[in-house]
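Dear colleague,

I am passing on the structure we spoke about, and below it you will find my notes on what I found. Please read them with the structure open beside you.

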Amino acid sequence: MIKRSFLGLVKPKLQYNLVPDSLQELSVPSKVTLLLKEPQNGGGTTTLKVGDPVKTGQRISGSPESAEYVIASVTGTVSGMAPYVDGFGQKYTAITIEASAQDDWDDEFNKEPSLDTALKFFEYAPGNPSFKPFADPEKTVRNIVINGMDQDLLLTANQYVVQNEAADIKSGVEALKKMTAADRILITVPENLVQQATTTGAEVKTVSATYPNSLPHMIMKDLLGRVVLVGDSLEDAGVVFMSAEAVAALGAAFKTGQLRVTKVVTVVGKDGSATNVRVRLGTPLRDVLQACNISVNDRDRLILGGPMRGVATYSDELPVEPCTDGIVVQDEANSAQVTDYPCINCGECVRTCPVKIPVNMLVRFLEARLYEEAAAMYDLNCCIECGLCSYVCISRIPIFQYIKLAKYELSLIETAEAANE
Ligand code: SF4
Ligand code: SF4
């Protein structure tokens, strides 16, 4: 296998949006839908049933031992339980809760910061922070990077949190010190947010405004001077990344005794104008778009995430999830259409790739579904998922989508092989 370092990177020229947009607080929706992941080892989904009452902040899991759970973002009554399968085949139970106007808070959350509390209550926090690496005896994680910059163009949700909730981030940093064995906690921000970042108690590092410099692998190389080897995760390299919003949610929960059940989302309309909204987790996208006066017509494109790394979705009934930093709507006329034109070997994708992957060769193997060969011969696993190759492709080949699918298919192959060993 080719082991590529990140040395000799070229710098693409797309710039992040650095000025956080103003925030609109949306009222409690009439219903929310929470997607509870099915346990990998099978077993029951949840003991909850239609008609059961639910309190705000209540932990809902398949079984007491299950690592998969969601946190109820409203008080109300369960009105629906349905199977849901996402675009990559991951199975969930979609739990719909009819919400009351008033919150009745569940009191199971323990205010004492400990790793057990983090594992039990915060993996469904906004930003989906992961605490499992700290509990894994095979990993030694000593560094936490709080990403105070958004990871896609146009989005400013995390930057909004750094600008306006630095005190909560500070409390979150103190909680992280108690809960983990990390001896170095950094926060990465653009130049214009350094002042707020210095009040958080974390070591401040500045990220340049050029895309994709806020992606974790780029931060590892540029700011920590480390290269993640092919096949290794960031945690294998001793570093856990968390979003600024996740750490602020942690801090706010330990200060107030109430889990944070909202998410800041940047909503980008068809004219390119952006606004930040704070919504309850599980709010249907349709409610968010209505509140922002954005209509979605047939053949418009609805993207979860940002324009470079986001995933187009088919339904505005889908809910805002803890990882939903952005919702982008493009009208049909302005959407870049993908094609089945062949690669003309222009080399643009290779020139723009920050990891210098031979994308023109890789795409041939991905189109032929030769995923293991793509990984072994053309550096599939070196890809940091920036989406620049798709952006520049003259033939409009959906390279980024091919890469995501290939990585997912490879993960299934590896899981099946591990199960057979
Ligand atoms: S998404 Fe494309 S440009 Fe970005 S790292 Fe992967 S192959 Fe390279
Ligand atoms: S940019 Fe598109 S057409 Fe050009 S070499 Fe890459 S895959 Fe082929």
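**Helix packing, ligand shells and domains**

Helix α10, which covers residues 359–367, packs against helix α13, residues 399–420, at an angle of about 60 degrees, and the axes of the two helices are 10 Å apart. Please bear in mind throughout that this is a predicted model. An angle counts as roughly parallel under 35 degrees and as roughly perpendicular from 65 to 115 degrees, and α10 and α13 are therefore oblique to each other. The crossing that α10 and α13 make is left-handed.

As for the residues that bring these two helices together, α10 contributes V359, V363, L366 and E367, and these meet I399, Y402, I403 and A406 of α13. Sorted by class, the residues of this contact between α10 and α13 comprise 7 nonpolar and 1 charged, with no polar residue among them.

Both helices come up again when one turns to the ligands. Around ligand 1 there are 15 residues, of which C353, C383, C386, L388 and C389 are the closest. Two elements, α12 (388–392) and α13, give two or more residues each to this shell around ligand 1. By class, the shell around ligand 1 consists of 12 nonpolar, 2 polar and 1 charged residues.

Ligand 2 likewise has 15 residues around it, and those that come nearest are C343, C346, C349, N360 and C393. Here α9 (348–352) and α10 each supply at least two residues of the shell, and α10 gives the most to the shell around ligand 2, namely 3 residues. The shell around ligand 2 is made up of 10 nonpolar, 4 polar and 1 charged residues.

On the scale of the whole protein, the assignment divides the chain into four parts, which are domain 1 (29–99), domain 2 (115–256), domain 3 (261–334) and domain 4 (348–420). Between domain 1 and domain 3, the C-alpha centres lie 22 Å apart, and 11 residues of domain 1 are in contact with 10 residues of domain 3. On the side of domain 1 that touches domain 3, the largest share comes from strand β2 (residues 31–37), which provides 4 residues. That same side of domain 1 holds 6 nonpolar and 5 polar residues, while charged residues are absent from it.

With best regards

Methods
Residues numbered from 1 in each chain as written. Chains lettered and ligands numbered in written order. Predicted model: local features only at pLDDT ≥ 70, side-chain atom pairs only at ≥ 80, totals over all residues. Axes fitted to C-alpha atoms, helices over the stretch in contact; angles between N-to-C directions. Parallel < 35°, antiparallel > 145°, perpendicular 65-115°, else oblique. Left-handed = near helix turned anticlockwise from the far one by under 90°. Contact = placed C-beta atoms within 7 Å. Nonpolar A, V, L, I, M, F, W, Y, C, P; charged D, E, K, R; others polar. Near = placed C-beta within 6 Å. Domains from an automatic or database assignment.
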